[in-house]
Amino acid sequence: MNGKTVFVGMSGGVDSSVAATLLVEQGYKVVGVYMKNWSKDLPGMKCPWAEDLADAKRIAVKLGIDFEVWDFEKEYRERVVDYMIAEFKKGNTPNPDVMCNQEIKFKLFYEKAIRRGADFIATGHYARISDGKLCRAVDENKDQTYFLYRISNEAAAKTLFPVGGMLKPEVKKLAEEKGLHNAYKKESMGVCFVGEVGMKDFLKEYIDIQPGEIREIGSEKVVGYHDGAVFYTIGQRHGLYLSGVSGEVNDGLPYYVVEKDLSRNIVYVSKDLNHAAIWTKELELRDVFLREPVEGSELMVRLRHRAELIPVRLEGEKLIFEKEIKRPASGQSAVLYAGEVCVGGGIIA
């Protein structure tokens, strides 16, 4: 034993299960914790929390570690779900995983674990901590620092990411070698902690969504109908239902979303791919959070999870690009890197 105590967030998935396994092997006193953040079933969608809990518990038994369930449902609803709903109502496209990490996993879970005597917390995220700095994972394809950029430096200093130095296939192989029953469990791709439910189905439970017209900007010609303006993002091309042909009308040229009028419930589209609403050389940020000083750093930005890193300058709360980029959705995160270090980011205004 190395004498240190670590509380591991165990979701029932393979990554956190392997993380716990590695920590036991490294001699830590490991306590597994399942965070119960959401348990409500939605129409046509059974929340998988009970199965996930059972999987996590089964791994804990196999590893011979203490296991607890911590209920954060009330706080998750208030800090993550309510935030998400409010953002969509404003016409933004928020990222609930970013908020979940900031408010639940690396705040509530971290604070409670420390109060309970933990030296560290750990999760199955693909990220690394090096010299106290948040760094990209070895597996660039799985790197999750995009979702972690808002966690406090205080929490990061006491966080272990045991799988951050591994490739995903290595994690699965190790799980199989160790006899973990969930080695090839399907990954959840839905809303954070809400299982496989799609964002659209989820939001319909909480927002009064009305169908409305899709109009061509300038001419005001009605070219189709939408099932709720909040679901559409600027620059979107797919998923438009236009005169019976998905994404295309008449001459075969695609339409792009260029504007949303939420007060009148109208989505505006254009065939002009060069429309000013789609491209930009600068982005305004809000709620900027910098984990490191960035003066004089050569910065790169990631505008979506797994998107390529693009050179950028940060001037106050504005990102300046060398050449025009396709405008990302407001409400999403722009995450900044200096080399492999994630230095922070902000919400796209």
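**Exercise 1. Find which strand gives the largest share of the lining of the second largest pocket.**

Solution.
- Start with the term. On a 1 Å grid over the protein atoms alone, a pocket is an open set of points with protein on both sides within 12 Å along at least five of seven lines. Its lining residues have an atom within 4 Å of a point.
- Next, the space. The second largest pocket holds about 260 Å³, a volume filled by probe spheres set on the grid points.
- Then the residues. The lining has 14 of them, and the closest to the centre are Ser297, Leu299, Val312, Arg313 and Leu314.
- Now the elements. Strands S15 (299-302), S16 (310-315) and S17 (318-326) each give two or more residues to this lining. Strands are DSSP runs of E, at least two residues, numbered from the N terminus.
- The result: S16 gives the largest share, four residues.

The model is predicted: local features need pLDDT of at least 70, side-chain atom pairs count only at pLDDT 80 or more, and totals for chains, interfaces and linings use all residues. Residues are numbered from 1 along each chain as its sequence is written, and side-chain values use heavy atoms, with hydrogens and water left out.

**Exercise 2. State whether Ser16 is buried or exposed, and list its contacts.**

Solution.
- Locate Ser16. It sits in helix H1, residues 14-25. A helix is a DSSP run of H or I, at least four residues.
- Check accessibility. Ser16 is buried because its relative accessibility is 5%; buried means under 20% relative accessible area, exposed over 50%, partly exposed in between, with a 1.4 Å probe and protein chains only.
- List contacts, meaning heavy atoms within 4.5 Å. Beyond neighbours within four places in sequence, Ser16 touches Val8, Gly9, Met10, Ser11 and Gly124.
- Look at Ser11. Its backbone nitrogen lies 3.1 Å from a polar atom of the Ser16 side chain.

**Exercise 3. Place Ala60 and describe its surroundings.**

Solution.
- Ala60 belongs to helix H2, residues 49-63.
- Ala60 counts as buried because its relative accessibility is 1%.
- Leaving aside neighbours within four places in sequence, Ala60 is in contact with Met10, Ile65 and Phe67.
- Lys29 is 31 residues away along the chain, and its C-alpha atom is 12 Å from that of Ala60.

**Exercise 4. Explain why the sulfur of Cys135 makes no bond with that of Cys342.**

Solution.
- A disulfide is a covalent bond between the sulfur atoms of two cysteines. The cut-off for the pair is within 2.5 Å.
- The closest cysteine sulfur to that of Cys135 is in Cys342, 8.9 Å away, so the two are too far apart for a bond.
- The structure holds zero disulfides.
- Cys135 is buried at 2% relative accessibility, and Cys100 is buried at 0%.

Notes. Polar contact = N/O pair within 3.5 Å; in protein donor to acceptor, adjacent residues only side chain to side chain. 1 Å grid on protein atoms, 1.4 Å probe; cavity = no way out; pocket = protein on both sides within 12 Å on 5 of 7 lines; lining within 4 Å.
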